Amino acid sequence: MNKYEINIYEQIAKNIKKYRNEAGITQAVLAEGVGVSHEFIRRIESKKGLKSFSVDTIWKISIVLNIEPGKLFEIDIDEFKDIKNNTK
């Protein structure tokens, strides 16, 4: 990964956890609403877990979290700057 790249799967995973916590729902509730296992959501949110999921899954997660799907793609600019600066 070069200094201008960011792992979008990790960023989406962070945003899923962020918006899930803001919504005040558990991983189990999110999983049930999306139609996946609790383990699947746990692995997505885990730093060492699964980082491969479909656009359909992202869409369903956004519906359950009551947010626009694009919010899951948001990048923390300050964090991105830190990544870029640390790879110089």
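Okay, before anything else: when I say two residues touch, or are in contact, I mean they have heavy atoms within 4.5 Å of each other. With that in hand, take F53, which touches Y9, I12, F40, I44 and I58, leaving out residues up to four places away in sequence.

A word on what we're looking at. This is a predicted model, where local features need pLDDT of at least 70 and side-chain atom pairs count only at pLDDT 80 or more, while totals for chains, interfaces and linings use all residues. Residues are numbered from 1 along each chain as its sequence is written, and side-chain values use heavy atoms, with hydrogens and water left out.

So, the overall layout. The protein has 5 helices and 0 strands, and from the N terminus the elements go α-α-α-α-α. Helices here are DSSP runs of H or I with at least four residues, strands are runs of E with at least two, and the numbering starts at the N terminus. Of the contacts with a separation of 6 or more, 62% are between residues 24 or more positions apart.

I'll also be saying "buried" a lot. That's under 20% relative accessible area, with exposed being over 50% and partly exposed in between, using a 1.4 Å probe and protein chains only. By that count, buried residues are 28% of the 88 residues in the protein.

Back to F53. Where does F53 lie? In the loop between α3 and α4. F53 has a relative accessible area of 10%, so that loop residue counts as buried. One of its contacts, I12, is 41 residues away in sequence, and the C-alpha to C-alpha distance is 10.0 Å.

Now the helices on either side of that loop. In α3, the buried residues are F40, I41, I44 and E45. Looking down the axis of α3, they fall within an arc of 125°, so they line one face of the helix. The arc, by the way, is that of the directions from the helix axis to the C-beta atoms. Among the things covering those α3 residues are α1, α2 and α4.

Then α4, which is residues 55–65. Which of its residues are buried? T57, I58, I61, S62 and L65. Here the arc is 135°, so again the buried residues of α4 line one face of the helix. If you want the background, an α-helix has 3.6 residues a turn, so residues three or four places apart point the same way. The buried residues of α4 pack against α1 (8–23), α2 (27–34) and α3 (38–45).

Two of those α4 residues deserve a closer look. I61 touches I16, L30, V34, I41 and L72, not counting residues up to four places away. S62 is buried because its relative accessibility is 1%, and beyond its neighbours within four places it is in contact with I67, E68, P69 and L72.

That takes us to the core. A nonpolar core is a set of buried Ala, Val, Leu, Ile, Met, Phe, Trp, Tyr and Cys residues joined through side-chain atoms within 4.5 Å. The largest one has 16 residues, and the members touching the most others are I16, L30, I61 and L72. α1, α2, α3 and α4 each supply at least two residues of this core, and α1 gives the most, with 4.

Staying on α1 for a second, N15 sits in that helix. Is N15 buried or exposed? Its relative accessible area is 5%, so N15 is buried. Outside four places in sequence, N15 is in contact with K71, L72, F73 and E74.

Next, N66, just after α4. This one is in the loop between α4 and α5 (77–86). N66 has a positive phi of about 60° although it is not a glycine. Its relative accessibility is 70%, so N66 counts as exposed.

Last stop, the surface. A pocket is worked out on a 1 Å grid over the protein atoms alone: it is an open set of points where a 1.4 Å probe fits, with protein on both sides within 12 Å along at least five of seven lines, and lining residues have an atom within 4 Å of a point. The largest pocket is lined by E10, A13, K14, K17, E45, S46, K47 and K51. α1 gives the most to that lining, with 4 residues. By type, the lining divides into 1 nonpolar, 1 polar and 6 charged; Asp, Glu, Lys and Arg count as charged, Ala, Val, Leu, Ile, Met, Phe, Trp, Tyr, Cys and Pro as nonpolar, and the others, Gly among them, as polar.
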